[in-house]
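Subject: Structure handover

Hello,

Here is the structure for your project folder. Please load it before reading on.

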Amino acid sequence: MTTIRGEILDGAKKLTEGDRNEVHGDPYPQFVAFANLVSAYLSASLGTVIVVAPHDAAMILQLYKICRIAHNPTHTDSHLDNCAYGAIVAECAEKEIGRV
């Protein structure tokens with residue numbers, strides 16, 4: 001029996017290890033770049049040095065997906081992306097501490 005949760009998790013795995021990964025490559029270097037951009041923006045905007053780690057940058061995108069889910073909780077694609085970002089957060093954090 002297939003469940004919604006199973007379909008979403010399977011879809012998130014396909015996203016993070018399949019099509020998008022093939023098109024965009026390893027997400028970690030992109031989250032390093034995104035974290036640097038967010039750090040620069042916040043530092044300039046707030047007038048103080050802000051350092052955003054790659055896993056925090058991935059969390060920012062996950063939080064955005066959570067906002068979309070709050071607006072439309074039955075939109076499966078947002079849940080799928082939220083799961084994918086959660087996995088990327090974990091992978092980025094592992095790379096940051098040198099486990100991967």
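Below are notes on its pocket, its nonpolar cores, its cysteines and one acidic residue.

First, a caution: this is a predicted model.

**Pocket**

The largest pocket has a volume of about 310 Å³. It is lined by 15 residues. Closest to its centre are Arg 20, Pro 27, Phe 31, Tyr 85 and Ile 88. Four helices each supply at least two lining residues: H1 (4-17), H2 (19-24), H3 (27-46) and H5. Helix H5 spans residues 76-96. By class, the lining splits into 8 nonpolar, 5 polar and 2 charged residues.

**Nonpolar cores**

In soluble globular proteins, nonpolar side chains tend to be buried together. The largest nonpolar core here has 9 residues. Its members are Phe 31, Ala 35, Val 38, Val 52, Ala 57, Ala 58, Ile 88, Val 89 and Cys 92. H3, H5 and helix H4 (54-71) each give two or more residues to this core. Two of its members, Phe 31 and Ile 88, are also among the residues closest to the pocket centre.

Val 38 is worth a click. Leaving out residues up to four places away in sequence, Val 38 touches Val 52 and Ile 60. Val 52 belongs to the largest core as well.

There is also a second, separate core of 5 residues. Among them are Ile 8, Ala 12, Leu 15 and Ala 84.

**Cysteines**

How many disulfides does the structure hold? The count is 0. Cys 83 is in no disulfide, and the nearest cysteine sulfur, that of Cys 92, is 16 Å away. Cys 92 is likewise in no disulfide; its nearest cysteine sulfur belongs to Cys 83. A disulfide needs the two sulfur atoms within 2.5 Å, so a pair set 16 Å apart does not count.

Are these two cysteines buried or exposed? Cys 83 is at 30% relative accessibility, so it counts as partly exposed. Cys 92 has a relative accessible area of 2%, so it counts as buried. Cys 92 is also the cysteine listed in the largest core.

**Asp 77**

Where does Asp 77 sit? Its place is in helix H5. Asp 77 has 38% relative accessibility and therefore counts as partly exposed. Asp 77 and Lys 65 are 12 residues apart along the chain. Their C-alpha atoms are separated by 9.5 Å.

That is the full set of notes.

Best wishes

Key:
Residues numbered from 1 in each chain as written. Predicted model: local features only at pLDDT ≥ 70, side-chain atom pairs only at ≥ 80, totals over all residues. Heavy atoms only, no water. Buried < 20%, exposed > 50% of the residue type's maximum accessible area, 1.4 Å probe, protein only. 1 Å grid on protein atoms, 1.4 Å probe; cavity = no way out; pocket = protein on both sides within 12 Å on 5 of 7 lines; lining within 4 Å. Points joined across faces, edges and corners; volume = space filled by probe spheres on them. Nonpolar A, V, L, I, M, F, W, Y, C, P; charged D, E, K, R; others polar. Core = buried A, V, L, I, M, F, W, Y, C linked by side-chain atoms within 4.5 Å. Contact = heavy atoms within 4.5 Å.
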